[in-house]
Amino acid sequence: MESDVIVVGGGVIGLTTAVVLAESAQRVRVWSRDPAGATTSAVAGALCWPYRIQPEERAVEWSLHSFHVLSGLAERPDETGVRLVAGIMADTGGWDFGAWAEGVPGLRAARIEELPDGCRAGVHARVPLLDMRAHLPYLERRLAAAGGVLERRSAASLDEAGREAPFVVNCTGLGARELVPDPEVRPVQGQLVIVENPGIDEWFVAADVGAADTTYVLPQPYGVVLGGTAREDVGDLTPDPATAEAIVRRCARFHPGLATARVLEHRVGLRPFRPSVRIEVERLPGGALCVHNYGHGGAGVTVSWGCAEEAAWLVVAGGEATAQR
């Protein structure tokens with residue numbers, strides 16, 4: 001297949017970017033070393049809310065664009081894996097909601113009777129919550145329907161992809177640390193516990209900005225996702241039993257039924273943190289144009305559509321500029 005664009009990386013950022021490009025009549029191939037279910041995206045709690053991502057102002061813009069796209073997808077939850085779910089963001093020390101609060105319909109201060117015991121304050125909102133086990137395959141199907149091709153293939157370098165297409169989009173997340181190389185990309189380890197649902201139908205999060213331990217309860221079709229941790233510069237993917245016990249204890253403070261819920265699964269993922277998301281164009285040594293789209297920290301799902309649209313625009317703009325020359 002002759003390609004206009006090769007997207008390197010098959011997580012939520014890469015697949016969403018590829019969908020946007022393919023649906024704008026670009027001939028797209030995705031190179032992904034791992035199946036979608038083995039990517040960091042598959043481990044995500046996947047609540048649409050900006051978290052551990054900079055720059056803040058741009059992140060909110062990307063998040064609001066994604067919010068509206070995902071809200072539309074929530075009209076077909078069985079197909080897309082996206083649902084609109086109400087919940088509480090509690091004890092929000094350090095959060096500046098700003099434009100996010102203004103842009104999310106119905107976001108308001110939580111009433112005292114809505115707050116779990118032990119919470120002093122919070123905000124109530126109805127936002128997209130994604131089942132990544134369903135959403136990633138949905139993106140793959142949508143890509144195929146638009147004529148895109150997904151290949152299980154590693155890239156030794158970005159220039160390797162640039163030898164097969166005039167445009168490359170680098171969506172390699174943590175892999176960009178070695179592939180670019182970009183030493184500013186660092187892992188932030190997150191651990192989750194999945195338990196049987198004792199009857200919880202709203203999400204709950206209590207997470208101070210920058211805290212190493214967070215508390216979140218996210219009801220999914222397959223159980224309840226309990227979190228979590230944010231261990232900077234920790235690259236181990238092995239679940240720690242003591243950490244898992246601490247996660248369950250923190251969550252059970254707010255939902256006591258979780259203390260005895262049967263554990264179904266343990267998950268560990270590595271967020272691709274960078275001081276600032278990188279979305280920009282670079283000319284590769286072989287002459288191809290590379291659009292970088294990585295460094296989304298803990299908010300890859302939340303900003304996926306906003307960043308995909310911006311990266312796709314840079315590809316199209318680069319093509320027009322090349323044609324004019």
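A residue counts as buried when its relative accessible area is under 20%, as exposed when over 50%, and as partly exposed in between (1.4 Å probe, protein chains only). This is a predicted model, in which local features need pLDDT of at least 70 and side-chain atom pairs count only at pLDDT 80 or more, while totals for chains, interfaces and linings use all residues. Residues are numbered from 1 along each chain as its sequence is written, and side-chain values use heavy atoms, with hydrogens and water left out.

**Exercise 1. Describe the overall build of the protein.**

Step 1. Count the elements: there are nine helices and 15 strands, where helices (H or I, at least four residues) and strands (E, at least two) are DSSP runs numbered from the N terminus.

Step 2. Judge the compactness. The radius of gyration is 20 Å, close to the 20 Å from the globule rule for 325 residues, so the protein is as compact as a globular protein of that length. The radius is taken over C-alpha atoms, and the rule is 2.2 Å times the number of residues to the power 0.38.

Step 3. Apply the burial cut-off: 55% of the 325 residues count as buried.

**Exercise 2. Locate the nonpolar cores.**

Step 1. Fix the term: a nonpolar core is a set of buried Ala, Val, Leu, Ile, Met, Phe, Trp, Tyr and Cys residues joined through side-chain atoms within 4.5 Å.

Step 2. Take the largest core, which has 69 residues; Val7, Trp49, Trp100, Val169 and Trp203 have the most contacts inside it. Helix 9 (residues 300-324) gives the most to this core, with nine residues.

Step 3. Apart from it lies another core of 21 residues, including Ile247 and Cys251.

**Exercise 3. Place Gly9 and Thr243, and state whether each is buried or exposed.**

Step 1. Gly9 lies in the loop between strand 1 (5-8) and helix 1 (12-22). Its relative accessible area is 11%, so Gly9 is buried.

Step 2. List what Gly9 touches, with contact meaning heavy atoms within 4.5 Å. Not counting residues up to four places away in sequence, its partners include Val30, Trp31, Cys171 and Thr172. Ala176 is 167 residues from Gly9 along the chain, yet their C-alpha atoms are separated by 9.8 Å.

Step 3. Thr243 sits in helix 8 (residues 241-254). Thr243 counts as buried because its relative accessibility is 16%. Neighbours within four places in sequence aside, Thr243 contacts Gln191, Thr229 and Arg231.

Definitions and conventions
Contact = heavy atoms within 4.5 Å.
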